[in-house]
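This briefing is meant for a reader who is meeting the structure for the first time. It takes up the domains, then the ligand surroundings, then the packing of helices.

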Amino acid sequence: MIPRPVIKNVKFKIRRYDPDSKGRREPYWQAYDIEIKEGLTVLIALLQIKDRLDGTLTFRSSCRSAICGSCAVMINGFPKLACNTQVLPEYEKKGEMVIEPLANHKVIKDLVVDFDPFWKKMEKVTPYLVPKEGSGGSSRMTREDADIIERVQRCIMCGSCNAACNALEIDSKYLAPAALSKSWRFVGDIRETKKEKRLERLSEDHGIWSCVRCVHCTQYCPKDVSPLKAIERLRAEAMKAGITDNHGAKHVDSMVHSVRRVGRLDEATMTFKTLGFLRSLGMIPFGLKMEMHGKMPRPILFPVIVGIDEVRKIYDDIEAKRKKD
Ligand code: SF4
Ligand code: SF4
Ligand code: FES
């Protein structure tokens with residue numbers, strides 16, 4: 001006997017906003033009860049609410065197949081594709097269905113957000129290959145060459161990574177994970193001729209060094225693009241290319257030297273090396289707070305860890321291996 005599909009009555013709590021409404025101009029919550037059959041996606045539920053209960057509910061969608069990237073919304077607090085998320089498993093896990101527009105984006109109406117800043121950032125990173133003149137972009141690539149950029153090519157521009165990004169939340173000028181993974185698509189391509197120029201631009205303020213490595217972009221990307229991996233690769237390439245006159249690269253460099261010197265992070269010395277003397281003075285109030293809480297490192301008294309020779313040997317081995325490669 002074929003088992004009957006599970007059907008449940010589910011309450012959807014949807015964050016709504018209509019700046020043109022004569023009455024409510026502030027965002028508000030609206031609840032809808034709808035019968036959900038096993039296997040139904042959030043997008044189908046939204047379409048049914050619009051068809052049967054409230055034609056004014058506004059959201060974006062197109063392919064219904066996790067290809068076009070247009071239906072990303074916050075589902076129970078996390079960015080997800082509505083067409084790729086089944087209602088019942090989500091409802092059983094969280095006990096509710098709360099739908100909101102993508103975070104870190106300006107809301108235009110209901111679940112529709114303004115993607116202009118997203119596209120402008122894409123434009124900023126020159127989202128196309130700049131090949132050798134006359135080559136038309138064709139050149140032999142090995143399987144390994146193609147693999148390096150394979151993941152980032154899966155991006156469907158849904159904006160979920162940007163919605164989950166902690167750095168973008170505090171700095172709206174930050175290029176953000178979607179545009180940065182797109183950058184790796186070209187910096188990592190062996191046919192690209194403007195690699196260094198791209199890396200120089202990406203190393204400026206609000207670029208690769210603004211990422212705080214929270215991993216959210218990688219965690220919530222529906223296509224497994226792994227934007228953080230792309231950002232790490234861009235940082236490594238920038239440092240390899242000698243683009244190190246910026247706070248991010250200086251910070252990495254001072255970390256590496258600190259561990260080699262004393263076997264741990266010597267934060268006080270690192271601050272001076274990263275920010276320089278004058279800008280470090282601006283950190284004095286913060287330093288005083290640390291002192292009051294007994295968290296101030298003591299660079300002069302800072303003891304070198306036991307077994308530092310073994311730590312230094314790791315460095316020597318890595319350097320020797322690099323020279324050999
Ligand atoms: S890892 Fe970096 S880019 Fe990714 S979400 Fe966190 S801060 Fe943003
Ligand atoms: S990297 Fe992933 S989450 Fe970000 S826009 Fe592309 S597909 Fe969406
Ligand atoms: S409707 Fe196209 S990705 Fe969801």
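What distance separates the centres of domain 1 and domain 2, taken over C-alpha atoms? In this predicted model, the two centres, taken over C-alpha atoms, are 29 Å apart. The points below begin with these domains and then turn to the two ligands and to helix H7, which contributes residues to the shell around ligand 2 and also packs against helix H10.

**Domains**

- The chain is divided into domain 1, covering residues 7–113, domain 2, covering 116–240, and domain 3, covering 254–324.
- Where domain 1 and domain 2 touch, 15 residues of domain 1 are in contact with 13 residues of domain 2.
- On the side of domain 1 that touches domain 2, strand E3 (72–75) and strand E4 (78–81) each supply at least two residues, and the largest share, four residues, comes from E4.
- Sorted by class, that side of domain 1 consists of ten nonpolar residues, four polar residues and one charged residue.

**Surroundings of ligand 1**

- Ligand 1 is surrounded by 15 residues, of which the closest are Cys165, Ala167, Cys211, Cys214 and Cys217.
- The elements giving two or more residues to this shell are helix H6 (166–170), helix H9 (216–220) and helix H10 (227–240), and H10 gives the most, with three residues.
- The shell around ligand 1 has twelve nonpolar residues, two polar residues and one charged residue.

**Surroundings of ligand 2**

- Around ligand 2 there are 14 residues, and those that come nearest are Cys155, Cys158, Cys161, Cys221 and Val225.
- Two elements, helix H5 (160–163) and H7, give two or more residues to the shell around ligand 2, and H7 gives the most, with three residues.
- By class, the shell around ligand 2 has ten nonpolar residues, three polar residues and one charged residue.

**Helix H7 against helix H10**

- The axis of H7, which spans residues 176–187, comes within 8 Å of the axis of H10, and the two cross at roughly 55°.
- Because of that angle, H7 counts as oblique to H10, and the crossing of the two helices is left-handed.
- From H7, the residues that meet H10 are Pro177, Ala178, Leu180, Ser181, Ser183, Trp184 and Val187, while H10 brings Pro227, Ala230, Ile231, Arg233, Leu234 and Glu237 to the contact.
- This contact of H7 with H10 has nine nonpolar, two polar and two charged residues.

**Helix H3 against helix H7**

- The axes of helix H3 (residues 116–124) and H7 come within 9 Å of each other and cross at roughly 25°.
- Why does H3 count as roughly parallel to H7? The crossing angle is roughly 25°, and angles under 35 degrees count as roughly parallel, so H3 is placed in that class relative to H7.
- The crossing of H3 and H7 is right-handed, whereas that of H7 and H10 is left-handed.
- On the H3 side the contact is made by Phe118, Lys121, Met122 and Lys124, and on the H7 side by Ala176, Ala178, Ala179 and Lys182.
- The residues of this contact divide into five nonpolar, no polar and three charged.
- Ala178 of H7 appears in the contact with H3 and also in the contact with H10.

Technical notes:
Residues numbered from 1 in each chain as written. Chains lettered and ligands numbered in written order. Predicted model: local features only at pLDDT ≥ 70, side-chain atom pairs only at ≥ 80, totals over all residues. Near = placed C-beta within 6 Å. Nonpolar A, V, L, I, M, F, W, Y, C, P; charged D, E, K, R; others polar. Axes fitted to C-alpha atoms, helices over the stretch in contact; angles between N-to-C directions. Parallel < 35°, antiparallel > 145°, perpendicular 65-115°, else oblique. Left-handed = near helix turned anticlockwise from the far one by under 90°. Contact = placed C-beta atoms within 7 Å. Domains from an automatic or database assignment.
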